[in-house]
Amino acid sequence: PILKGAMAGISVRSGNTGEILFEQNGDVRMRPASNMKLFTAAAALSVLGENYRFKTELRMKGKLEKKVLKGDLYLKGYGDPTLMKADLIQLAQKLAAAGVKRVEGNLIGDDSWCDDVRLSKDLVWSDEHAYYGSQISALTVSPTKDYDAGTVLIEGSPGMSVGEPVQIKISPNTKYVEVINQAVTTSPEGKTELTVERKHGSNRMVIKGFLPLGAKPEKEWIAVWEPTKMVIDLFSQELANEGIQLMGKTKVGDTPEDAKLIATHQSIPLS
């Protein structure tokens, strides 16, 4: 019944000759939706190969004197959709192992491997906050191994008693996102009605609704605005956790060609 009034189109052709073997609404213009993933995956495997790995580089420009980098630090992305906070931790640890204790310059996130067009032209505006509407960046991070790059995972759990605010957990934990929690814990027989909205052009996320006492946690993946800056924020946290003092600012920019390579993270294979 849910498909009443819907349309579907299919065109089956010979891979050798292109001859049409079967067709139903094959010439009707319809959105391919998730079918497009088949063609995207085939093209990527054909061009890059199944053993291709995306890289993320940590570089520096300047002199290292007595554990002090007199210059800037660069985190350059090459489109890895599987980069996670744990990988940023490892890069920060490698910087510490290289003897850096203080960075007098800036921390610069470089996402120039891709262009700066964050969203497709025909994305429905109401889908901007959804995980499948996340912004495109060469330097982005995923909260879980579902690899919904450019999102944060918001998990809501009931409070300890009726009337208490719903308990909210964000992964990865970052100050880049502002959470306004308006959700309330209700009686055990109540319904679960939890929604998360992100204000356009910002990372202010408003959580509304109700979660019954004793209910299972509710999870929602929400796309962030400008994901590159979230990666820089997370990495600056890890620098601090490793005892590395950042004296300058965090910002987005390009990596100089002569910047020295400190460490490289490789993604899992494309396959």
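## A walk around a predicted protein model

Let's start at one residue: Gln167 sits in strand E8, which covers residues 167-171. Keep in mind as you look around that this is a predicted model. Is Gln167 buried, exposed or partly exposed? Its relative accessible area is 40%, so Gln167 counts as partly exposed. Setting aside the neighbours within four places in sequence, Gln167 is in contact with Glu155, Gly156, Ser157, Pro158, Gly159 and Met160. You can also look from Gln167 to Val184: the two are 17 residues apart in sequence, and their C-alpha atoms are 9.0 Å apart in space.

### How sure is the prediction?

The average pLDDT of the protein is 95, and 100% of the residues score at least 70. Where is confidence lowest, and where is it highest? Strand E11 (residues 193-198) has the lowest confidence, with a mean of 93, while strand E6 (residues 107-110) has the highest, at 98. A general caution for reading any such model is that predicted coordinates should not be read in detail where pLDDT is low.

### The whole protein

Now zoom out. The protein has three helices and 16 strands. Its C-alpha atoms fill a box of roughly 70 × 65 × 30 Å, taken along the principal axes. There are 271 residues in the protein, and 36% of them count as buried. The accessible surface comes to about 16200 Å², and carbon and sulfur atoms account for 52% of that surface.

How much of the contact in this protein links residues 24 or more positions apart? Taking the contacts with a separation of 6 or more, 68% are between residues 24 or more positions apart.

### Two valines to look up

Val177 and Val231 make good stops on the tour. Val177 is in the loop between E8 and E9. With a relative accessibility of 8%, Val177 counts as buried, because the cut-off for buried is under 20%. Not counting residues up to four places away in sequence, Val177 touches Val152, Ile170, Asn203, Met205 and Val224. Ser202 is 25 residues from Val177 in sequence, and the C-alpha atoms of the two are 8.7 Å apart.

Val231 belongs to helix H3. At 0% relative accessibility, Val231 is buried too. Once the neighbours within four places in sequence are left aside, the contacts of Val231 are Leu75, Leu88, Leu139, Thr140 and Val141. Val231 and Gly109 are 122 residues apart along the chain, yet 7.8 Å separates their C-alpha atoms.

### Backbone oddities

A few spots in the backbone deserve a look. Which two residues does a cis peptide bond join? The bond links Ser171 and Pro172, with omega at about -10°. Pro172 is in the loop between E8 and strand E9 (178-181).

Next come two residues other than glycine with a positive phi. For Asn25, phi is near 55°. You'll find Asn25 in the loop between strand E2 (20-24) and H1, and Asn25 is partly exposed, with a relative accessible area of 33%. For Glu226, phi is near 60°. Glu226 is in the loop between strand E13 (218-223) and helix H3 (227-241). With 22% relative accessibility, Glu226 also counts as partly exposed.

### Two pockets

The largest pocket has a volume of about 1700 Å³. It is lined by 37 residues, and those closest to its centre are Lys37, Thr40, Tyr132, Ser134 and Ile136. The second largest pocket holds about 420 Å³ of space. Its lining has 14 residues, with Gly9, Ile10, Ser11, Pro32 and Asn35 closest to the centre. Which elements each supply at least two residues of that second lining? They are strand E1 (10-13) and helix H1 (36-48).

Here is how the two linings divide by class.

| Pocket | Nonpolar | Polar | Charged |
|---|---|---|---|
| Largest pocket | 19 residues | 11 residues | seven residues |
| Second largest pocket | eight residues | five residues | one residue |

To tie this back to the structure above, try finding Lys37 and Tyr132, which are among the residues closest to the centre of the largest pocket. Then look for Gly9 and Pro32, which are among those closest to the centre of the second largest pocket.

Methods: Residues numbered from 1 in each chain as written. Predicted model: local features only at pLDDT ≥ 70, side-chain atom pairs only at ≥ 80, totals over all residues. Heavy atoms only, no water. pLDDT = per-residue confidence, 0-100. Helix = DSSP H or I, 4+ residues; strand = E, 2+ residues; numbered from the N terminus. Buried < 20%, exposed > 50% of the residue type's maximum accessible area, 1.4 Å probe, protein only. Contact = heavy atoms within 4.5 Å. 1 Å grid on protein atoms, 1.4 Å probe; cavity = no way out; pocket = protein on both sides within 12 Å on 5 of 7 lines; lining within 4 Å. Points joined across faces, edges and corners; volume = space filled by probe spheres on them. Nonpolar A, V, L, I, M, F, W, Y, C, P; charged D, E, K, R; others polar. Areas by Shrake-Rupley, 256 points an atom, 1.4 Å probe, with all protein chains shown as cover.
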